[in-house]
Structures are given as structure tokens and as C-alpha cells.
Amino acid sequence: MASLAPWRLTSGTRAGLITLVAACAAAPVHPVSVAVLVDGDRGAVGALGPSAVSGLELVPIELPAPAPLAGDDTSAQLARARAAYARGDHAACRSELAKVDVAKLLARADRALAARALTLEAACAYQALAKEDARAAAARLAGLGLELPETSVAPDAEQLIGDAIVAAGKAARSPLAIRGAIGARLTVDGRPGGCAVPCTVDLPPGDHVIALDADGFAPAWQVVRTPDTRDVALAQQPAPRELAAKQWRDRLGRGLPPTDATGVALLARIAMVPRVAFVHGGAQLTGALVVDGALRARGERAPGESPQLVRELAYDAGVLRRPALWRRPAFWIATSAATLIVSSVVIVTMYQPETKTMVHF
Amino acid sequence: MRYLVLFALLGCERTHDVSIRLGPDDQSVTTGFQCRRADDTFIGDIALVGDRLKFNVVVDFVDLGGGVPGCRGEELVKTCKQPGACTIAGTSRFCVPLDLPVALLGQADQKQLIALVHDQLVAQGAITTDAPNGPLLIRAVATTESCTAITPGHPFALAQVIGCAYSCPVVLDEIDGPIGLSLDVLDEHCEAQVKVCASFPP
């Protein structure tokens, strides 16, 4: 007669047991990576190592160094053009000036250099008997609202430019609607546009340099001709990391909060990771946690308590699950204290010590 | 820390000290020990041995069974009406022999007599160091019966009783200080009341 040994399990039972054991086993917990950007008094922040907060892997990040300024030889080109003009080599003068990108100068608000370039261009063209070119340069200078620089040019050229400025002043202005990143700062021909986009400005006829600058975006500019163009939309690319860092620093320099909506967006771009904690050391530690470009938590603690601050931020932001009440030491401390107090009160109020009465004559 | 506090609290013990006076104050003896018969003779004369008066004083704690009646005899009787409602507490009875010169008895100033009685009573030591906790009254009976005969449950031989007094009902664990004994009578002809006192509780 065949019989099963008592320890032998059917395949279904085995599978059930394995499932049960697997379900009861603690799930492996991987630390959540959070980039940490420390700012201000680092002594007040204290040590904040990679594993300072249980459940998190803190990755310190630094603000990227500002990008070195690109070399610009516009001044040298203008100096060479000026020298050529002085010695009567008007072809060389015009050749040097042809290399100067006036629109670019205006896009970066360098109106003085742009005015010098166009003045020399008008003067050199005038002396080279290219009168139409001279008038065009003068008209362009006037249309851009540039002022005649103190660079001495021939009186005829000066007269030409003066006439162009007068003519531009009399010309009817046309509206130009400008769109771009909402709230971006507008400059028109290197001068503040007086509004934040989207907005409309009135401009004299001619070419104009429209430039937009917004935190979180790379600057954008475009040359438009009025009144042919009635509206223009400038597409702005997200700021690269270095630029975002510069913009964030500049905002702090302007006294703006480091973790307002724009600051948070910049931090996210700087960190290049989904989660970034910002800790500022000062009389109090302040901090914020940004998740996917959105501010999720903000808090403050006493100096030196940066791990606790980051942990609270992680709890508030939902990056870490706050432990159940009964798993927190504070709960047991409070419960024990309450029990002790209640017990003491009960004992003191209810307890009657034994009384022994001696009776004698 | 918690256990330390608990231990300290449990370790606490209050001690009360109650002294018994054989009269309304410490200068006099209650009438209950000076009663006379109808013929005006002192009922204590049966204790005379030559020129000395020899008798024993027995102190009992009468357990009032949880009730706290008033001090008057009628109230005590009502509380202890049922047999067994009130009992003599304890497994032994305090008994101390006194030996007094007769010469001291007739004096108007009882100071010397009281001092002598007090010395002899105190020489026996404390009546108890841990009195029963509950309503009771303290009764002192003067008798010529020997202390060896005075056992728990033994009723006094009334013919040999020469004095009796008791306190008002009291819870000894709640008081501290002197407590006076007396007999609820209006004159010295109180032989009958002494015997009733000695035979209490019924």
C-alpha cells in the first residue's frame, strides 16, 4: 500500500507556502537619491554626508562656475575702423565695420558701441562717396534711437546723421506685439522695453532688435522691421545649467527668495536630477525640497540640524514615508511620560500610607 | 526612577500616638472610678488590702462593627443591640495591676494620685503599637479579678468590678493626641452604671 510521508507536501501547498514566505519577507529598501545644494554659512549647516538621513542617498552638488565671458573684439574692430577713417582709407574702414554685428551689440544692450559703429559706417560710406549707404546707416542709427556719439566725424556726415535723427523723430510709430516666455524682460534696441511680455510697444519704422531675457531661459533676440512686422514671437530655450546657476545667483543678489517658484525651477535645472534639497545656513537653517521642478516642502531648524531638516523635508514632500506614530521614539517618550505623570497623580491622590497608631497611658 | 518613587511611596508609614487619660483632663479621675453605692460607701473598698488598694486595670478596644454612633449610652446600646454586633477586638487584653496607698484616695487634689497611677500604668508599656483601624471605643475596667483570669472572651465578674469608663466612638488611625475616658453619670452613686459599662458589649 502506497503512503505519503507526513512531511511531503503537495505542489499546491508548496507554492502557497513560498508565496506566503515571500509576502512576509521585508521588501528591500533602496535609498532615494536626493541632490543637496548647500548655501550660506556652511558651519551652521554642519555635516551632511551621503547617508546622513536614513532612506536617502544625499548627493552634494555645487553651483557650476560662471562661464567665462566670450572674447569680443568689437572694440578692436571699431578702433581699426576709426584709424582707417582717420587716415582716409575708407575702404578699410568699411571692411572693418562690415565685421561688426550691430544687432548683436544691441541684443546685449551695448548701445554705445552700436552707435559708434553706425556713426563710423555712415561717415566712412559718406567719404567713400557711397551716399546711399551713408544715408542708410544714418537712418538705421536714427531708427534704433541711438544718439550721435562724441566720435568726431566729418561735419557733412554729422549733418547727415542729424537729419536722419530729425526725420526719424517725425516718423509715425507703429505698434509691435511681442510674445515669448510669460514675464520675460523685454529690451528694444538695447533699451528696456518698459513691459514684460506679452506686451505691445510703439516703434518708429525701420529695423529693431527685440530681445527677451527670463530666468530659467536662455536669452533670445530677433531683428524685426516695422511697420512690416506687426507681431513677433520669440522662442526661448530652457537655460543650460551654467546659465541657470548664474540666474539663480543673480536673483539672490537682487534680494529675491532662493526657493520661490522661479528659484525652484532654476534649482531643478542646476541639479539636473528629479529631487534636489536646498539648505541655507544662517541664524536658522532653512531648506526646501524640489521634486520634478516643483517645490514640495519647505522648513527650518536650528543650526547644525541639517540631517533632521532634510528628513522632515523628505517626509513632507512624500519622498520618504513618515514612520507610523508608534514607530517614532517621540511617541514612546511622550507615552511613557504621560503614563508616569498619570501614575504619579493616581498614586499621590489615591495612595494612603499605612497608619500605625500607638495607644498608651 | 518610576520604581524608586513607587518604593518610596510604599515605604511611607504614618505613626499616630494616642494617650489615654482616666478622666476628662490630666488633672482629675473620672467618676467612673470613684462610684459609691447607695449607702454612700466606695465600691472600690473591696480592693482594700491593709492600707493599700490593690486591683487591676483592663483596657479593651470595643469594635463597633463599622458603625459610628454617638457618645451617649443609648446610642451605643442601639448600635450594639444585636449580639455579636460589637466585640472586644484583639486576641489578648491589656491588664496592669495597680497598688495605691489608701491615703491618697480621699484628697481633694488628685494630682499625686494621678501621677502615681500614671507611673504604674506606663511601667507596663504601650497598650498596643498598632491599634485596630475602625470605629471603636476604648474602655478601661478596674477589677479585683486577677490578670491571668482576664482572657479574651472572658466576661468580667461584675461583683469584682470597682470602676469603669470609656471613650466616645473613635477611629484611632485618624486621630493623634490624648483621648479622655469617662462614665456617663450625673452623680457618684453609679455602681449600676459601672457594672453595665463592664458588661458591655452584650
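The following conversation walks through a predicted model of two protein chains, A and B.

Trainee: Let's start where the chains meet. How many residues does chain B bring to the contact with chain A?

Mentor: Good place to begin! Chain A gives 13 residues to this contact. On the other side, the number from chain B is 28 residues.

Trainee: And how much area do chain A and chain B bury between them?

Mentor: The size of an interface is often given as the accessible area lost when the parts come together. Here, 62% of the buried area is on carbon and sulfur atoms. In chain A, Thr357(A), Val359(A) and Phe361(A) lose the most area to chain B, together 40% of what that side buries. For the two chains, the area buried between them is about 2200 Å².

Trainee: Which kinds of polar link cross the interface, and how many residue pairs are in polar contact?

Mentor: Salt bridges can be set aside, as the rule finds 0 of them across the interface of chain A and chain B. Polar contacts are another matter, with both residues of each pair at pLDDT 80 or more. The number of such residue pairs is 15.

Trainee: Which element of chain A supplies the largest share of the side that touches chain B?

Mentor: Two elements, α12 (329-350) and β13 (354-360) of chain A, each supply at least two residues of that side. By class, the side has 7 nonpolar, 4 polar and 2 charged residues. The largest share, 7 residues, comes from β13(A).

Trainee: In which sense does β13(A) pair with strand β1 of chain B, parallel or antiparallel?

Mentor: Let's look at partners along the strands. Thr355(A) has Arg14(B) as its bridge partner in β1(B), and Thr357(A) stands opposite His16(B). β13(A) and β1(B), residues 13-21, pair over 7 bridges, and the sense is parallel.

Trainee: Within chain B, which residue stands opposite Ile20(B)?

Mentor: Besides pairing with β13(A), β1(B) is joined by 4 bridges to strand β9 (residues 177-180) of chain B, and these two run parallel. In β9(B), the residue opposite Ile20(B) is Ile179(B).

Trainee: Now some backbone details. Where is the cis peptide bond that leads into Pro227(A) found?

Mentor: Chain A has a cis bond from Val197(A) to Pro198(A), with omega near 0 degrees, and Pro198(A) lies in the loop between β5 (191-196) and β6 (199-203). Another cis bond runs from Thr226(A) to Pro227(A), with omega near 5 degrees. Pro227(A) is in the loop between β8 (220-226) and β9 (231-233) of chain A.

Trainee: Leu129(A) has a positive phi. Is this residue buried or exposed?

Mentor: Phi of Leu129(A) is near 65 degrees, a positive value in a residue other than glycine. Leu129(A) sits in the loop between α6 (111-127) and α7 (131-143) of chain A. Its relative accessible area is 65%, and exposed means over 50%, so Leu129(A) is exposed.

Trainee: Which backbone oxygen does the side chain of His208(A) reach?

Mentor: His208(A) is in strand β7 (residues 206-213) of chain A, and at 0% relative accessibility it counts as buried. Residues it touches include Asp189(A), Gln222(A) and Val224(A). At 2.6 Å, its side chain reaches the backbone oxygen of Pro204(A).

Trainee: How far apart in sequence are the parts tied together by Asp215(A) and Arg185(A)?

Mentor: These two form a salt bridge, with their closest N and O atoms 3.7 Å apart. Asp215(A) is buried at 15% relative accessible area, whereas Arg185(A) is partly exposed at 38%. Asp215(A) lies in the loop between β7 and β8 of chain A and Arg185(A) in strand β4, so the parts they tie together are apart in sequence by 30 residues.

Trainee: One last pair: how far apart in sequence are the parts tied together by Asp60(B) and Arg139(B)?

Mentor: Their side chains meet in a salt bridge at 3.0 Å, N to O, and both residues are buried. Asp60(B) lies in strand β3 (residues 52-63) of chain B and Arg139(B) in strand β6 (residues 135-143), so the pair ties together parts whose distance in sequence is 79 residues.

How values were computed:
Residues are numbered from 1 along each chain as its sequence is written. Chains are lettered from A and ligands numbered from 1 in the order in which they are written. This is a predicted model: local features need pLDDT of at least 70, side-chain atom pairs count only at pLDDT 80 or more; totals for chains, interfaces and linings use all residues. Side-chain values use heavy atoms; hydrogens and water are left out. Contact means heavy atoms within 4.5 Å. Buried area is the accessible area (1.4 Å probe) that two parts lose on being put together, summed over both. A salt bridge is a side-chain nitrogen of Lys or Arg within 4 Å of a carboxyl oxygen of Asp or Glu. A polar contact is a pair of N or O atoms within 3.5 Å; within protein, one must be able to donate a hydrogen and the other to accept it, and residues adjacent in sequence count only if both atoms are side-chain atoms. Ala, Val, Leu, Ile, Met, Phe, Trp, Tyr, Cys and Pro count as nonpolar, Asp, Glu, Lys and Arg as charged, and the others, Gly among them, as polar. Two strands pair if DSSP finds at least two bridges between them. Buried means under 20% relative accessible area, exposed over 50%, partly exposed in between (1.4 Å probe, protein chains only). Lists of a residue's contacts leave out its neighbours within four places in sequence.
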